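Notebook open, structure loaded. I want to go through the cavities, then the core, then the charged pairs.

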Amino acid sequence: MKYPDNLIVLPLENKVLLPSIVLRLTIRGKEANDLTKSYFRQVASRSPDTNNVIEHIYVACIPMRPAIAKNNNIHKLSAHQIDVPSQAPFVPVSSKEQQENDTNDGLVASEDRLRLMKYGCIGRITRVQRSGINLYGVFVEGIARFKVNHFSRNPSTATNFPGCWMVNVSYPDNDSLLSTGADREIMAFKNLSLDFVNRMRELKLPQTLLDQLVKVVNTSSISALADLLMSIIDTTFEEKFVMLSTWSLGDRLKKATNYMKRQLSVLQISNSFGSDLDSKLSIKQREFYLRQQLDAIQDELKNKKPITGSLKNNSADLDDFAELYDRLAQAKLPNDIVVIAQRELKRLKKLQTSSSEWAVARNYLDWLADIPWDKSSSNMKIDIKKSRMQLDKDHFGLDHVKKRVVEYLSVIKIKGDIKAPILCLVGPPGVGKTSLGKSIAQSMDRQFHRISLGGVRDEADMRGHRRTYVGAMPGLIIQGIRKCGVNDPLFLLDEIDKLSTSNHHGNPAAALLEVLDPEQNHSFSDHYLNVPFDLSKTLFIATANSLDTIPEPLLDRMEVIEIHGYTFAEKLHICRTHLIPKEIKAHGLENHHIDIPDETILFIAENYTRESGVRSLQRRIAAVIRHQCLVLAELREDNRENTFNASIDKRDVEMILGSMKYEKEALEREGYPGVVTGLAYSGSGNGGILFVEATKMPGSGKLHLTGSLGKVIQESAHIAISWVKSHAYELGLTSHQKEKMLEDEDIHIHFPGGSIPKDGPSAGITLVCALVSLYSNKCISTTIAMTGEISLRGQILPVGGIKEKVISAHRAGIQKIIMPYKNKKDLESDVPETIRDEIEFCYAKNIWDVLDAASLGSNRNILSRIIESHL
């Protein structure tokens, strides 16, 4: 049969394709795409009754010389790093680095051209699989040997396979395959082949494979049989290439006979140690085979002791197994878990290292050995004074949080043991919740581990995956325990309010119910370990910006501690003692290089930040210090460092940071009838002021509400207008009691900032004052702010977020605040005294007190006002 002389080159890395053998090659790139397209066209156009050679796609499979390692560092693969060969082994066309360097994206990399050897095998493409984008798995069947005459490359404008490397080859003559005395060599090799089949039968090879092997030995030609057996037995790359480059059948049979005799000798020696052992020809399974041989030697020498001493030192695998046993013994596992570990150890001994089950069992035992079942923090002595000093050093203020931590430590010191509480620190961003958790861990001399829950949406992230899944591993809780190395660390569950709720991956928030329940977490069961672990000694601290998104059952298990925003005095102290020294050190300066007076710090905080925390303030301070670094570097270049001015005043700040970003909002506006300043509180812990604007126009008595208002605040507006209508005469808005108000007018109430949704029961008195101010044509001072809800009877109802609202009003320059009388206790307990001294507070029990405080009261019919009964 005539084969083409010019073929496309497919290089083989560390592999040799022999005739009658099928290999699976992985090819990629544009040239691979062209080759596979040509194959598919031929398949589509091929007739069932046609066997024309031209219809097949032929390629030249040429082995490459082994690559020379860079810097003469030759890396040798150990036995467990060699992949197990399959019936159609994976043959990389070129390495990843070569593919990246090959600008033509071809089958043969430019640097691999000189590595191509002088002999190869023509292959016929029998099957193509698409493995990805421009990535194909090609099954190639070896047909015949050839010798390379010369290489050439198709021009990029060629019609067929542009840019591909081609090779011109010559095939051996049929006469050259015969040699003198070949019949005797053929018979000898046939006998060796039959001996090999019998040896495989003694080694209990599966019957189906034995039948196929017997059929091949009996029906194949001697040349094809020699090539096939050379691909089955253990031969090196060089030996396979010798078989490929030897054209004389007699010479090939001599070499094949030697290789077969060597293989049969190895099998005979192995069988002498025990015929009941599984003899595997897989390279990766030799470790298991040699281990069984060592056991057989022990039995033969009647030595029943475990493999120790020199045998152990000579067997790295057995040494690893002994080390694993020692680690499990030192882990002090509970009794019920010891039984499980022993069962897994026995199972691991029987498994082969190439088995996927072996890797799963070994990984599981490693986790059991690494988890600190009985290892607690080394320093259990608690010093209350030292802990309090540590907390005061790291954080300014936050007395209620420090008090709770010190109380917990005191109980531990007296009783010696107590169930750890589950604390939840709630507050706006930047107030130090995460850093407070670190400080608490330091004050208690415990290991600290932070788990970020933001965006976690899979229950398995909390409780781990079942071991039946590929790549299974324990959840975040057990991983953190292993990382800390003790069973009583401090876990910070950061951003617990950002935890994903129920979805098709499960509910991770529900998975935390067991973790955060002191009555249940003593037997927490991870899906991967599937054994109970005691979490009762672990202190959990969660952080959140809002409680609204935390499920109620989970919130019920935590002790909520609110952390409010900082006042300007607290920010000044934090900036002076923490932020400025930290930024000076971060920028490589000395303390004498930066001099920022207190008034400058307050100027930055008031006019360039508007936040509850200190993150923006830290960024502004860093910008100022960077400018000082620039000035100092320029002066050093000019040798004028002695003229450097370390002091920074307000003018320098405006030059560095630009114009002021924020101004006191109360000073931005003038008083208008119908415009009132209210106080707002957001769920993230931030407070602020907002303006309520009311106007009237000819109409039919309709009420228009705008500003992205929720249902609650819309109801407050309706209550306010109903109350004003019912008391219009007492307020002096109508001339007699029977006169109808708003009969021929529409009212429009607007809350500026329409892009921000607004809702909540705290704008009732603000809406009443806006309506009364509009119809009485009286202005309310812009330095007066108010918060509180109103009932239909005119009673003032208490509201929440007092501290945040008062602090935001103080930032905005408010001088007088009207609030419900029942919130007086919240003001005195939460708001710092320095702020209370700078703002005038008016406490109202009913709406008439609010109107009097806002200078909107009327003397008409004072007796008609509702007087609260104290009986």
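Cavities first. I searched for enclosed spaces and got 4 cavities of 30 Å³ or more. Worth keeping in mind as I go: this is a predicted model.

I picked the second largest cavity for a closer look, and its volume comes out at about 50 Å³. I listed its lining and found 11 residues, with Glu-670, Val-675, Thr-677, Ile-780 and Thr-782 lying nearest the centre. Which strand gives the most to this lining? Strand S15, residues 675–681, does, with 3 residues. I also sorted the lining by class: 5 residues are nonpolar, 4 are polar and 2 are charged.

Next, the core. I looked up the largest nonpolar core and noted 54 residues in it. Leu-368, Ile-496, Leu-516 and Met-558 have the most contacts inside this core. I then asked which helix gives the most to the core. Helix H12, residues 356–370, does so with 7 residues. A note to self on the general background: nonpolar side chains tend to be buried together in soluble globular proteins.

I followed Leu-516 a bit further. Leaving out residues up to four places away in sequence, I get contacts from Leu-516 to Ile-422, Leu-493, Ile-496, Phe-540, Leu-554, Arg-557 and Met-558. Ile-496 and Met-558 in that list are also among the core residues with the most contacts.

Now the charged pairs. My search of the whole structure turned up 24 salt bridges, and I went through a few of them.

Arg-115 and Asp-112 meet through their side chains at 3.2 Å, N to O. Are these two buried or exposed? Both Arg-115 and Asp-112 are buried.

Arg-124 pairs with Glu-141 in a salt bridge, and their closest N and O atoms are 2.9 Å apart. I checked where the partners sit: Arg-124 is in strand S5 (residues 119–132) and Glu-141 is in strand S6 (residues 135–153), so this salt bridge ties together parts that are 17 residues apart in sequence. Glu-141 has 24% relative accessibility, so I put it down as partly exposed.

Asp-649 and Arg-651 form another side-chain salt bridge, at 3.7 Å, N to O. I looked up accessibility for each partner. Asp-649 is partly exposed at 29% relative accessible area, whereas Arg-651 is exposed at 66%.

Last entry. I also found a network of salt bridges that links Arg-327, Arg-362, Asp-366, Asp-370 and Arg-482.

Terms used: Residues numbered from 1 in each chain as written. Predicted model: local features only at pLDDT ≥ 70, side-chain atom pairs only at ≥ 80, totals over all residues. Heavy atoms only, no water. Core = buried A, V, L, I, M, F, W, Y, C linked by side-chain atoms within 4.5 Å. Buried < 20%, exposed > 50% of the residue type's maximum accessible area, 1.4 Å probe, protein only. Helix = DSSP H or I, 4+ residues; strand = E, 2+ residues; numbered from the N terminus. Contact = heavy atoms within 4.5 Å. Salt bridge = Lys/Arg side-chain N within 4 Å of Asp/Glu carboxyl O. 1 Å grid on protein atoms, 1.4 Å probe; cavity = no way out; pocket = protein on both sides within 12 Å on 5 of 7 lines; lining within 4 Å. Points joined across faces, edges and corners; volume = space filled by probe spheres on them. Nonpolar A, V, L, I, M, F, W, Y, C, P; charged D, E, K, R; others polar.
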